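Colleague: I'm new to this one. Could you walk me through how to read it?

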Amino acid sequence: MKITSAAFQGSSPDLASCPQSTLPEFALIGRSNVGKSSLVNMLARSEGLAKVSQIPGKTRLINFFTINKSWNLVDLPGYGYAKVGKKERGDFSDFVADYLRNRPNLLGTFVLIDSRIPPQRLDLEFLHWMVSSQLAFILAFTKTDTLSKKVLETNIAAFLTRMEEITEEPPSYVLSSSRNGHGRGEILDLIDAAIMEASEASA
Ligand SMILES: Nc1nc2c(ncn2[C@@H]2O[C@H](COP(=O)(O)OP(=O)(O)OP(=O)(O)O)[C@@H](O)[C@H]2O)c(=O)[nH]1
Ligand SMILES: [Mg+2]
């Protein structure tokens with residue numbers, strides 16, 4: 001898929017105030033700092049479209065971007081944002097749960113996982129919630145530019161092994177780097193295929 005336009009549509013603090021849209025929508029979720037906003041910019045090839053920060057907890061609202069005037073990409077606030085001095089927030093916001101469960105035009109969700117580190121309890125808890133909520137997802141292992149192929153393979157295998165505790169079905173996954181564009185074509189192809197499939201199903 002060629003990206004010809006990418007436009008910020010607005011930010012919403014809850015599901016009720018999300019822009020009404022019938023366009024197919026794809027959301028990015030994952031722990032704070034995992035690289036959601038960077039991935040929006042990488043996919044759109046538009047630096048600065050979504051705000052990126054080294055400080056976790058940058059994205060606090062549901063941010064909407066319309067790509068090629070034909071589908072939406074949604075940058076969600078991360079979970080596990082730890083405020084200094086406060087207990088780590090394991091639970092993610094109710095409004096994000098509400099969005100994921102009830103947004104009518106949401107077609108796909110990418111759950112971003114930091115490929116550099118061992119499986120994290122917060123990610124596994126979140127994925128457990130996704131599975132028990134019967135929400136489909138694709139895993140996207142981020143920041144692959146920082147690792148050798150061997151370490152990357154080991155880390156992904158470790159994560160997939162832990163996923164077996166959550167679901168019998170092996171999850172679909174992609175590898176990505178916002179630094180070098182790794183995975184961009186594959187993610188856009190998945191989005192393209194999901195849009196095609198949905199339009200055929202509704203025809
Ligand atoms: N090396 C490397 N760094 C990355 C990559 N993607 C993001 N980063 C860095 O990781 C940090 C967090 O990136 P963001 O895109 O803001 O992460 P986020 O998931 O949107 O974070 P919150 O909005 O806080 O939930 C920034 O310093 C980015 O430059 C990547 O693919 N490779
Ligand atoms: Mg962000």
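**Fold first, then the ligand**

Modeller: Sure. Keep in mind that this is a predicted model. Start with the order of elements: along the sequence, the protein chain runs β-β-α-β-β-α-β-α-β-α-β-α.

Colleague: How many helices and strands does the protein chain have?

Modeller: The protein chain holds five helices and seven strands.

Colleague: What radius of gyration does the protein chain have, and what would a compact globule have?

Modeller: The idea is to set the value beside a rule based on chain length. For 203 residues, a compact globule would come out near 17 Å, and the protein chain has 16 Å, so the two agree. As for its extent, the C-alpha trace spans about 40 × 35 × 35 Å along the principal axes.

Colleague: On to the ligand. Where does ligand 1 sit?

Modeller: Look in the largest pocket; that's where ligand 1 is.

Colleague: How many residues surround ligand 1, and which are the closest?

Modeller: There are 22 around ligand 1, with Lys36, Ser38, Gly57, Asp145 and Ser178 the closest. By type, that shell splits into 13 polar, six charged and three nonpolar residues.

Colleague: Which atoms of Lys36 and ligand 1 should I look at for a polar contact?

Modeller: For such a contact, look for N or O atoms within 3.5 Å of each other. In Lys36, a polar side-chain atom lies 2.7 Å from an oxygen atom of ligand 1. Ser37 also uses its side chain: one of its N or O atoms is 3.0 Å from a ligand 1 oxygen. With Ser53 the backbone takes part, a polar atom there being 3.1 Å from an oxygen of ligand 1.

Colleague: And how much of ligand 1 does the protein bury?

Modeller: Taken alone, ligand 1 exposes 650 Å², and the protein buries 92% of that.

Conventions:
Residues are numbered from 1 along each chain as its sequence is written. Chains are lettered from A and ligands numbered from 1 in the order in which they are written. This is a predicted model: local features need pLDDT of at least 70, side-chain atom pairs count only at pLDDT 80 or more; totals for chains, interfaces and linings use all residues. Side-chain values use heavy atoms; hydrogens and water are left out. A residue is near a molecule or strand if one of its heavy atoms lies within 4 Å of it. A polar contact is a pair of N or O atoms within 3.5 Å; within protein, one must be able to donate a hydrogen and the other to accept it, and residues adjacent in sequence count only if both atoms are side-chain atoms. Accessible areas come from the Shrake-Rupley method with a 1.4 Å probe; for residues, only the protein chains shown count as cover. On a 1 Å grid over the protein atoms alone, a cavity is a set of points where a 1.4 Å probe fits but cannot get out, and a pocket is an open set with protein on both sides within 12 Å along at least five of seven lines; lining residues have an atom within 4 Å of a point. A molecule sits in a cavity or pocket if more than half of its atoms lie within 2 Å of its grid points. Ala, Val, Leu, Ile, Met, Phe, Trp, Tyr, Cys and Pro count as nonpolar, Asp, Glu, Lys and Arg as charged, and the others, Gly among them, as polar. Helices (H or I, at least four residues) and strands (E, at least two) are DSSP runs, numbered from the N terminus. The radius of gyration is taken over C-alpha atoms; the globule rule is 2.2 Å times the number of residues to the power 0.38.
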